[in-house]
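The following exercises concern strand pairing, burial and ring contacts. Each task is followed by a solution in steps.

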Amino acid sequence: NFKTDNGPKLLVYLSTDVNSTEYVDLGDLKGLQGNYTYEIPSGTDLKKYKLVNIWCVDFSVSFGTAELK
């Protein structure tokens with residue numbers, strides 16, 4: 001049930017916080033609404049990166065986050 005606003009250069013990050021101080025880049029956002037799958041690089045510590053963050057590169061701002069469970 002994913003949904004977000006449109007924006008310039010939106011990427012999907014696994015991050016440690018909403019400001020993406022530390023993150024793993026999962027690539028470009030595939031769409032604004034629906035269900036999508038992203039490959040997580042092997043060796044990624046999911047105990048460290050507890051958020052999925054839609055990050056706007058051009059404005060260095062989060063368009064939304066979700067907690068990994």
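**Exercise 1: A hairpin**

Strand S5 (residues 51-56) and strand S6 (residues 61-67) pair in the antiparallel sense over six bridges. Strands are DSSP runs (E, at least two residues) numbered from the N terminus, and two of them pair if DSSP finds at least two bridges between them. This is a predicted model, in which local features need pLDDT of at least 70 and side-chain atom pairs count only at pLDDT 80 or more, whereas totals for chains, interfaces and linings use all residues. Residues are numbered from 1 along each chain as its sequence is written, and side-chain values use heavy atoms, with hydrogens and water left out.

Task: State which residue of S6 is the bridge partner of Trp 55, and which residue of the hairpin takes a positive phi.

Solution. Step 1: The partner of Trp 55 in S6 is Ser 62. Step 2: Four residues lie between the strands of the hairpin, and Ser 60 has the positive phi, near 50°.

**Exercise 2: The surroundings of S2**

Task: Determine with which strands S2 pairs, and whether its residues are buried or exposed.

Solution. Step 1: S2 is joined to S5 by six bridges, and the two run antiparallel; Ser 15 has Leu 51 of S5 as its bridge partner. Step 2: S2 also pairs with S3, in the antiparallel sense, over five bridges; here Val 12 is partnered by Gly 27 of S3. Step 3: Buried means under 20% relative accessible area, exposed over 50%, and partly exposed in between (1.4 Å probe, protein chains only). Six of the six residues of S2 are buried, so this strand is largely enclosed by the rest of the structure. Step 4: Leu 10, Val 12 and Leu 14 point one way from S2, while Leu 11, Tyr 13 and Ser 15 point the other way.

**Exercise 3: Aromatic pairs**

Task: Count the aromatic pairs and classify them.

Solution. Step 1: Rings of Phe, Tyr and Trp (its six-membered ring) pair if their centres lie within 6.5 Å; planes under 30 degrees apart count as stacked, over 60 as edge-to-face and the rest as tilted. The count comes to two aromatic pairs. Step 2: Tyr 13 and Tyr 23 are stacked, because their ring centres are 4.0 Å apart and their planes stand at 10°. Step 3: Tyr 13, at 5% relative accessibility, is buried, whereas Tyr 23, at 41%, is partly exposed. Step 4: Tyr 13 and Trp 55 are also stacked, with 6.2 Å centre to centre and 20° between the planes. Step 5: Ring pairs thus link Tyr 13, Tyr 23 and Trp 55 into a cluster.
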